Amino acid sequence: CDSAQETPAEFLARFQREARPMHNKVAEANWALQTNITVENEEVFVKARLEYAKFSQMQERQALLYLQNTTINLTPDERRQLTKIADIGTSAQTDVVKLERFAKIKTNMDSIYSKAEVCVEENCLQLEPGLTELFRTSRDCERLSTAWQGWRDQSGRKIKDLYAEYVQLGNEAIQILGYKDMGEYWKSAYDTPTFEKDVAKLFEQILPLYKQLHAYVRRRLKAVYGAHIFPSSGHIPAHILGNMWSQSWNNVGNLIKPFKSKQSVDVTDEMKAQGYTPKSMFETAEAFFYSLGFANMTKTFWKKSMLEKPTDRNVVCHASAWDMEKEDDFRIKMCTRVNHEDLMTVHHEMGHVQYYMEYKDQPTVYQGGANPGFHEAVGDTIALSVQTPEHLKTLDLMHAENIYDEETDINYLMQMALDKLAFLPFGYLIDQWRWSVFRGTTKPESYNEAWWDLRCRLQGISPPVKRGPEDFDPGAKFHVPGDTPYIRYFVSFVIQFQFYKAACDAAGNTRPLHHCDFYNNPTAGHKLRSMLQLGSSKPWPDALEQITGQRQMDAQPLMEYFQPLLQFLEKENGNDYGWTENCPENPPPC
Ligand SMILES: O=C(CCC(O)(O)[C@H](Cc1ccccc1)NC(=O)c1ccccc1)N[C@@H](Cc1ccccc1)C(=O)O
Ligand SMILES: [Zn+2]
């Protein structure tokens with residue numbers, strides 16, 4: 001570490017020069033590992049992480065010298081940049097043995113999760129594509145229940161002890177920076193003292209809407225599977241909702257469509273009939289962004305991305321978007337399948353890359369989302385426009401005669417609710433559980449009990465088979481072994497409707513909000529892009545205010561979007577809605 005004889009400006013300029021090649025080195029080692037999971041690649045990645053931690057510690061020390069030196073007067077921007085440089089997270093661990101153990105545990109949990117497979121007789125299925133396809137298409141209660149339990153046996157159960165050690169080591173490392181625990185550090189990314197209360201308030205606001213959807217879906221699924229598999233407590237069995245974690249219910253859309261004779265907007269069959277490929281799905285998304293004034297994907301993107309699952313090696317299939325911090329090297333890694341859900345994930349991932357490209361001229365420390373929820377909301381905001389019947393007709397993926405027909409409209413809103421409304425309790429509860437684990441309120445022996453308390457109470461779903469202390473169901477969801485925070489998605493699912501409404505207003509939309517398609521509208525594009533160009537150079541309320549005129553997260557646009565559906569649901573449900581706090585002791589069998 002050079003002494004602080006440099007001026008703050010010189011130090012920041014040097015950081016800019018040195019940090020990018022350092023970040024690139026770690027990203028290359030991480031990419032090599034995630035696209036080819038081998039022991040050797042794991043070792044190379046752990047080494048790169050250790051080197052990066054030492055580099056970060058040096059930068060942190062020098063940044064703190066300036067921040068704590070009262071004789072130096074810093075501009076507000078220098079102070080903001082230095083504070084971000086000093087915020088090095090768990091890289092603060094100076095005990096190299098603990099630092100290496102922490103890196104190895106994370107890599108180990110990631111590999112166990114990504115290589116896990118469920119074998120029934122000699123037929124083995126991995127999460128992608130096998131188990132995901134099964135949950136998307138099967139209506140066989142027994143098969144779904146076996147796959148649901150098998151996946152948790154092969155993933156969560158196998159990382160339970162590693163996770164307890166990860167919590168211990170992570171908290172030790174973050175306490176070096178002065179945080180009480182990792183949860184407090186994760187929340188600091190929102191730089192809002194009332195953040196936890198704000199998201200709790202948003203959740204309370206949306207819960208009545210979720211309860212109505214839950215009641216309707218429960219009734220329709222009872223008609224399909226028979227009421228006998230549903231507990232009398234009112235919960236919906238977790239394995240029949242079309243998704244391994246019951247986090248989005250879009251895959252049961254065709255089962256619970258309100259008006260059978262009318263179109264629903266799952267365009268999977270049309271995509272297959274028209275010969276869509278993973279590549280053409282990415283080109284479709286690229287064209288929408290381009291129509292708004294965004295840039296096309298770079299040459300390196302098409303050359304280096306992994307858009308399909310390789311057949312000859314183990315990879316991390318869970319989708320991600322990469323800024324390699326080297327010229328125009330942006331990539332997406334995704335095991336893409338040709339279906340509606342993956343077409344939306346393609347837009348989600350490309351939204352990350354578009355954000356990278358919009359803020360690439362910011363100083364390195366500001367190359368990030370205004371807050372983590374912003375990064376998750378970009379692609380989904382675009383996807384709200386892509387999924388409108390108007391736009392699906394433009395893509396020749398939907399042929400409804402009258403898309404404004406009231407019944408077609410309700411079908412559309414129902415399909416969108418199965419994706420967006422169903423997700424909210426799930427998006428909210430994962431970090432409620434993790435914050436309590438990091439705080440020490442939830443101990444390893446009650447990890448699973450605390451998890452199901454939240455799943456039953458907030459989400460109204462129940463396990464298809466009895467759970468025990470050996471189980472570790474949170475570990476069966478990518479982000480938990482993946483050490484990736486999750487409240488960002490809850491924030492995103494709220495603010496994406498604020499972004500969408502702002503873009504629609506900018507485009508002069510006069511239709512009901514859920515029919516707004518701002519395709520090809522540069523005014524809407526400019527509104528979005530100018531906010532994205534800020535990166536994390538300004539506090540996120542400033543960025544939010546620039547695009548929506550408001551400085552708070554607000555569920556009003558989401559409520560406005562689903563208003564017509566709420567009326568339909570209240571009429572359908574009458575008094576038949578809700579569930580008891582706890583799940584039943586013994587789940588009813590298939
Ligand atoms: O996890 C994802 C998509 C992957 C990702 O794009 O959010 C990815 C997750 C990840 C992967 C590896 C390391 C860290 C995070 N995030 C990114 O690629 C990313 C994150 C921050 C900045 C830039 C890119 N979606 C969530 C929630 C979700 C979102 C939208 C629709 C449906 C579901 C899920 O599937 O449960
Ligand atoms: Zn994302």
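## A walk through a predicted zinc-bound model

E18 is partly exposed, with 32% of its relative accessible area on show. The residue sits in helix α1, which spans residues 8–34. Beyond its neighbours within four places in sequence, E18 is in contact with F55 and Q59. F55 lies 37 residues from E18 along the chain, and the C-alpha atoms of the two are separated by 9.5 Å. Please keep in mind as you read on that this is a predicted model.

**The metal site**

Let us turn to the zinc ion. Which residues coordinate the zinc ion (ligand 2)? The donors are H348 and H352, each through NE2, together with E376 through OE, at 1.9 to 2.1 Å. Written as a sequence pattern, the spacing of these donor residues is H-x3-H-x23-E. Both histidines belong to helix α13 (residues 340–358), where H348 and H352 are four residues apart, about one turn of the helix. Are H348 and H352 buried or exposed? Both of them are buried.

E376 has another neighbour to look at: R488 touches E376 as well as Y190, P372 and G373, with residues up to four places away in sequence not counted. R488 is part of helix α19, which covers residues 487–506. With a relative accessibility of 19%, R488 counts as buried because the cut-off is under 20%.

**Two helices that cross**

Next comes a helix pair. The axes of helix α5 (residues 127–137) and helix α6 (residues 141–154) come within 10 Å and cross at roughly 145 degrees. The crossing of α5 past α6 is left-handed. On the α5 side the contact is made by L127, L131, L134 and F135, while α6 contributes R143, L144, A147, W148 and W151. What is the make-up of this contact of α5 with α6 in nonpolar, polar and charged residues? Eight are nonpolar, none is polar and one is charged.

**Aromatic pairs**

How many aromatic pairs does a search of the whole structure find? The search returns 46 of them. Two examples are set out here.

| Pair | Centre to centre | Angle between planes | Kind |
|---|---|---|---|
| W148 and W452 | 6.0 Å | 50 degrees | tilted |
| Y561 and F562 | 4.8 Å | 65 degrees | edge-to-face |

The pair of W148 and W452 links distant parts of the chain: W148 is in helix α6 and W452 in helix α18 (residues 447–459), 304 residues apart. Why is this pair called tilted? The planes of W148 and W452 stand at 50 degrees, so the pair falls between the limits of 30 degrees for stacked and 60 for edge-to-face. W148, which is also one of the α6 residues that meet α5, is buried with a relative accessible area of 0%. W452 has 7% relative accessibility and counts as buried too.

In the other pair, Y561 is buried, with a relative accessible area of 0%. F562 is likewise buried, at a relative accessible area of 0%.

Ring pairs also build up a cluster. Its members are F102, Y163, Y166, W186, W433, F438, Y447, W451 and F472.

Terms used: Residues are numbered from 1 along each chain as its sequence is written. Chains are lettered from A and ligands numbered from 1 in the order in which they are written. This is a predicted model: local features need pLDDT of at least 70, side-chain atom pairs count only at pLDDT 80 or more; totals for chains, interfaces and linings use all residues. Side-chain values use heavy atoms; hydrogens and water are left out. Donors are N, O and S atoms within 2.8 Å of the metal (3.2 Å for Na, K and Ca); water is not among the atoms, so sites may look incomplete. Helices (H or I, at least four residues) and strands (E, at least two) are DSSP runs, numbered from the N terminus. Buried means under 20% relative accessible area, exposed over 50%, partly exposed in between (1.4 Å probe, protein chains only). Axes are lines fitted to C-alpha atoms, for helices over the stretch in contact, and angles run from 0 to 180 degrees between N-to-C directions. A crossing is left-handed if the near helix is turned anticlockwise from the far one by less than a right angle, and right-handed if clockwise. Contact means heavy atoms within 4.5 Å. Ala, Val, Leu, Ile, Met, Phe, Trp, Tyr, Cys and Pro count as nonpolar, Asp, Glu, Lys and Arg as charged, and the others, Gly among them, as polar. Rings of Phe, Tyr and Trp (its six-membered ring) pair if their centres lie within 6.5 Å; planes under 30 degrees apart count as stacked, over 60 as edge-to-face and the rest as tilted.
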